[in-house]
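Got the viewer open? Load the model, switch on a cartoon view and keep the selection box handy. We'll go stop by stop.

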Amino acid sequence: MKKIVFIIICAILLLNCKKEDAKETSKVVSITDSIKKPAEFADPKYAEIGKKSLVDMEKGDMDSWMDIYADNAVYVWNSGDSLVGKAAIASYWKQRRANVIESISFKNTIWLPILVNQPQSTEYKGVWLLSWYKTTAKYRNGNEMTQWIHTDYHFDSIDKVDRVIQYIDKALINKAMSK
């Protein structure tokens with residue numbers, strides 16, 4: 001009889017210990033979940049916006065391509081060149097697509113939408129879409145250029161792009177544009 005009572009007491013103690021462990025674990029999880037992460041994945045809809053913009057550029061539908069931009073958008077290249085304002089971006093790219101680039105294609109695209117809650121440096125807080133793609137452009141002079149391009153898009157509070165940072169190898173483009 002003593003053995004049975006002892007076994008029952010041990011079983012009760014073990015069950016109570018397990019319940020306490022579970023309570024402590026749930027407390028840790030809820031505390032961790034409430035801490036705001038410096039960055040996290042954003043809604044995949046931003047990747048779809050980026051994909052559509054590349055399709056529009058390939059088709060030469062520059063009006064549709066411009067739909068994603070805010071009026072105060074800034075387009076910056078890693079070389080330091082930039083365009084300020086939706087009108088300037090539209091003028092540059094419409095002229096370039098109509099008169100300089102005969103065709104353009106984007107392959108092997110990679111999209112990463114992130115939400116920056118705490119900037120690490122000078123980047124803006126909010127939604128960023130990071131993208132990488134292999135670009136092949138055929139120019140009206142008959143030359144062709146292929147390179148990997150990395151583009152970062154920042155979205156404002158109404159899901160319009162207000163900042164683009166594009167990393168390209170300008171030397172490859174200049175070489176393809178020379179006669």
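Before the first click, one cut-off: a polar contact is a pair of N or O atoms within 3.5 Å, where within protein one must be able to donate a hydrogen and the other to accept it, and residues adjacent in sequence count only if both atoms are side-chain atoms. This is a predicted model, so local features need pLDDT of at least 70 and side-chain atom pairs count only at pLDDT 80 or more, while totals for chains, interfaces and linings use all residues. Residues are numbered from 1 along each chain as its sequence is written, and side-chain values use heavy atoms, with hydrogens and water left out.

**Stop 1: T151**

Select T151 and show its side chain. Which side chains does the side chain of T151 touch through polar contacts? Y133 is one, at 2.6 Å, and Q166 is another, at 3.1 Å. T151 is found in strand β6, residues 144-155; helices (H or I, at least four residues) and strands (E, at least two) are DSSP runs numbered from the N terminus. Buried or exposed? T151 counts as buried because its relative accessibility is 0%; the scale is buried under 20% relative accessible area, exposed over 50% and partly exposed in between, with a 1.4 Å probe and protein chains only. Now expand the selection to contacts, meaning heavy atoms within 4.5 Å. Leaving aside neighbours within four places in sequence, T151 is in contact with L129, L130, S131, Y133, V164, I165 and Q166.

**Stop 2: the sheet**

Zoom out and colour the strands. Seven of them form an open sheet in the order β1-β4-β5-β6-β7-β2-β3, with mixed pairing. The edges are β1 (39-41) and β3 (82-84), each pairing on one side only. Two strands pair here if DSSP finds at least two bridges between them. Neighbouring strands of this sheet are turned by 25° against each other on average, direction ignored; axes are lines fitted to C-alpha atoms, for helices over the stretch in contact, and angles run from 0 to 180 degrees between N-to-C directions.

Next, select β4 (residues 101-116) and β5 (residues 126-139): they run antiparallel and are joined by 13 bridges. To walk along the pairing, click I104 with its partner A137, then I110 with W132, then P113 with L129. On the other side of β4, three bridges join it to β1, again antiparallel, and E40 has L115 as its bridge partner.

While you are on β4, pick L112. L112 is partly exposed, with a relative accessible area of 26%. Its contacts, leaving aside neighbours within four places in sequence, are F41, W128, L129, L130 and W132. The C-alpha atoms of L112 and W128 are separated by 8.2 Å, although the two residues are 16 apart along the chain.

Now step from β5 to β6. Eleven bridges join these antiparallel strands, and W132 stands opposite H150 in β6. Their hairpin has four residues between the strands, and G142 takes a positive phi near 95° there. Ten of the 14 residues of β5 are buried, so β5 is largely enclosed by the rest of the structure.

**Stop 3: the helices**

Select α4 (residues 86-99). This helix packs on the sheet, touching β2 (69-77), β3, β4, β5 and β7 (161-167), and its direction makes about 60° with that of β2. Then find α5 (residues 170-177), which lies across β5 and β6 and runs at about 135° to β6.

Moving on to α2 (residues 45-59), show Y46, A47, G50, S53, L54, D56 and M57, the buried residues of this helix. They pack against α3 (62-66), α4, β4, β5 and β6. Just after α2 comes G60, whose phi is positive, near 80°.

**Stop 4: the aromatic rings**

Finally, show the rings of Phe, Tyr and Trp (its six-membered ring): they pair if their centres lie within 6.5 Å, with planes under 30 degrees apart stacked, over 60 edge-to-face and the rest tilted. How many aromatic pairs does a search of the whole structure find? Eleven. Y75 and W77 form a tilted pair, 4.9 Å centre to centre with 50° between the planes. W77 and W93 are also tilted, at 6.4 Å and 40°. W77 lies in β2 and W93 in α4, so this pair ties together parts that are 16 residues apart in sequence. Both W77 and W93 are buried. Select W65, Y69, Y75, W77, Y92 and W93 together to see the cluster that ring pairs link up.
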